[in-house]
Amino acid sequence: MTHGATASPEALRTAMVDQLVRAGTIRSKAVEAAFRTVPRHAFAPEATLVQAYAAHDAVATKKNEHGIDVSSVSAPDVQALMLEQAEIQAGMRLGEVGSGGYNAALMAEVAGPDGSVVTIDIDRDVTDRARRLLDANGYEGVRVVLADAEHGLPDAGTLDRLIVTVGAWDIPPAWTDQLAEDGRLVVPLRTRGLTRSISFDRDGDRLVSRSAEVCGFVTMQGEGEHIERLLLIRGKEIGLRFDEGWPADPDALNGVFDTDRVEKWTGVTVAPGEPIKGMQMWLASALDGFCLMSVDTEMDTGLVAPQNKRANITLLDGDSLAYLAIRRTGDGAEFGVHGYGPNAAEVADALAEELQTWDRDHRQDEPVIYVYPAGTPEADLPPGRVITKRHRRIVISWPQEGQVSKSTITEKGK
Ligand SMILES: C[S@@+](CC[C@H](N)C(=O)[O-])C[C@H]1O[C@@H](n2cnc3c(N)ncnc32)[C@H](O)[C@@H]1O
């Protein structure tokens with residue numbers, strides 16, 4: 001059965017939910033019931049019915065002066081993912097950062113009549129819109145507040161669950177202060193340029209991750225805004241993106257692409273459609289000089305051939321660098337490395353070796369991500385890559401040799 005422009009909202013909604021259930025994105029009865037109940041199209045009047053019920057598409061609701069989306073109704077698959085990560089129980093006190101209206105209505109459905117929902121947004125246009133749409137659709141009980149999330153949710157008291165629906169680089173103390181002792185925070189957190197929707201359980205003054213899934217979000221505004229720095233090479237053709245840190249001597253890279261390319265193929269392969277989120281996280285945590293490369297599509301001369309032209313894994317070492325490349329094999333693809341600069345071969349080797357380490361030792365693993373207060377001394381942190389932010393020290397911790405990985409435990413528990 002096709003669902004074209006003439007299908008009813010109900011038919012489109014049923015098809016969307018069925019698709020998310022089949023894909024395993026919606027897993028619980030409570031989340032499924034919420035998606036079947038709330039009329040998404042009524043919270044996305046900017047979109048056609050077909051757009052409103054597209055399982056993988058956000059509906060943009062506001063752009064800034066540069067034409068960049070600053071507010072949207074998030075894509076249903078991302079909302080379902082985060083609601084499942086939150087594991088909301090009936091009667092819980094819920095908070096949402098970023099107010100489209102629709103997700104708050106879904107949260108209200110899952111929490112039921114004994115629960116509560118407060119949603120905050122930094123933008124008055126967004127809170128006015130959310131208030132209007134929630135009232136029009138029977139969700140008058142959801143509180144909508146205009147506030148910068150950096151300082152928490154005003155007058156919301158203690159929360160059992162806080163779902164952040166805007167891309168965050170850090171975790172302000174107010175978010176954990178407001179969480180119940182056994183509370184959970186679900187947040188799209190960016191570390192070393194990679195965004196993952198992470199569900200964190202509170203454990204005293206630290207947070208411990210339960211799951212981390214790839215996602216994309218509009219970025220945080222206000223006091224918590226963090227803009228990654230971009231080092232441009234060859235005019236503006238190639239950019240190196242740094243989310244934390246900056247090269248000691250950026251000028252050393254001026255002529256890096258004037259040298260010959262060193263190419264290495266690693267024997268590490270990937271099947272069509274196979275997720276490689278663990279590989280990216282492994283490289284981000286294993287490599288000191290990790291950054292992301294982007295190629296300007298309008299200025300692209302074809303000099304570099306990265307695996308991904310928007311955010312490609314790159315290792316930087318002084319005046320040399322190596323980036324991830326890919327080539328087709330019979331039924332999949334093989335990862336390789338392209339190196340440039342005076343030490344191209346050494347840097348390429350270093351990146352290739354970490355790819356092979358991931359393949360050999362960590363392909364089935366997922367890291368545990370810990371969040372500690374900023375002042376926590378090194379000696380009190382678990383082993384792993386430490387990333388120091390304004391408010392927090394984040395530790396990406398992989399199973400050591402001989403330990404059972406988190407994903408293996410999940411597999412066994414199924
Ligand atoms: C993706 S939209 C929220 C989507 C919404 N939860 C839904 O129903 O799908 C992200 C929102 O975060 C808001 N935002 C950005 N920075 C913020 C901040 N510091 N505090 C509160 N809201 C913020 C934006 O104004 C935007 O409306």
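Colleague: How do the residues of the lining of the largest cavity divide into nonpolar, polar and charged?

Modeller: There are 4 nonpolar, 1 polar and 4 charged residues in that lining. Keep in mind that this is a predicted model.

Colleague: Which residues are they?

Modeller: R192, G193, R241, F242, D243, E244, F290, C291 and L292 line the largest cavity. The elements giving two or more residues to the lining are β11 (238–242) and β13 (290–295), and β13 gives the most, with 3 residues.

Colleague: How many cavities of 30 Å³ or more does a search of the whole structure find?

Modeller: Just 1 turns up. About 60 Å³ of space lies in the largest cavity.

Colleague: Okay, on to the sheet. What is the order of its strands?

Modeller: Read across this open sheet of 10 strands and you get β5-β4-β3-β6-β7-β8-β9-β17-β19-β18, with mixed pairing. An edge strand pairs on one side only, and here those are β5 (143–146) and β18 (385–388). From one strand to the next, the twist averages 20°.

Colleague: In which sense do β3 and β6 pair?

Modeller: Strand β3 (residues 93–97) runs parallel to strand β6 (residues 159–164), and they pair over 4 bridges. Take E96: its bridge partner in β6 is I163.

Colleague: And which strands does helix α6 touch?

Modeller: Helix α6 (residues 124–136) packs on the sheet against β4 (116–121) and β5, and its direction makes about 170° with that of β5. Helix α8 (residues 277–286) also packs on the sheet, touching β8 (194–203), β9 (206–214), β17 (368–373), β18 and β19 (392–397). The direction of α8 makes about 80° with that of β8.

Technical notes. Residues are numbered from 1 along each chain as its sequence is written. This is a predicted model: local features need pLDDT of at least 70, side-chain atom pairs count only at pLDDT 80 or more; totals for chains, interfaces and linings use all residues. Side-chain values use heavy atoms; hydrogens and water are left out. On a 1 Å grid over the protein atoms alone, a cavity is a set of points where a 1.4 Å probe fits but cannot get out, and a pocket is an open set with protein on both sides within 12 Å along at least five of seven lines; lining residues have an atom within 4 Å of a point. Grid points are joined across faces, edges and corners, and a volume is the space filled by probe spheres set on the points. Ala, Val, Leu, Ile, Met, Phe, Trp, Tyr, Cys and Pro count as nonpolar, Asp, Glu, Lys and Arg as charged, and the others, Gly among them, as polar. Two strands pair if DSSP finds at least two bridges between them. Axes are lines fitted to C-alpha atoms, for helices over the stretch in contact, and angles run from 0 to 180 degrees between N-to-C directions. Contact means heavy atoms within 4.5 Å.
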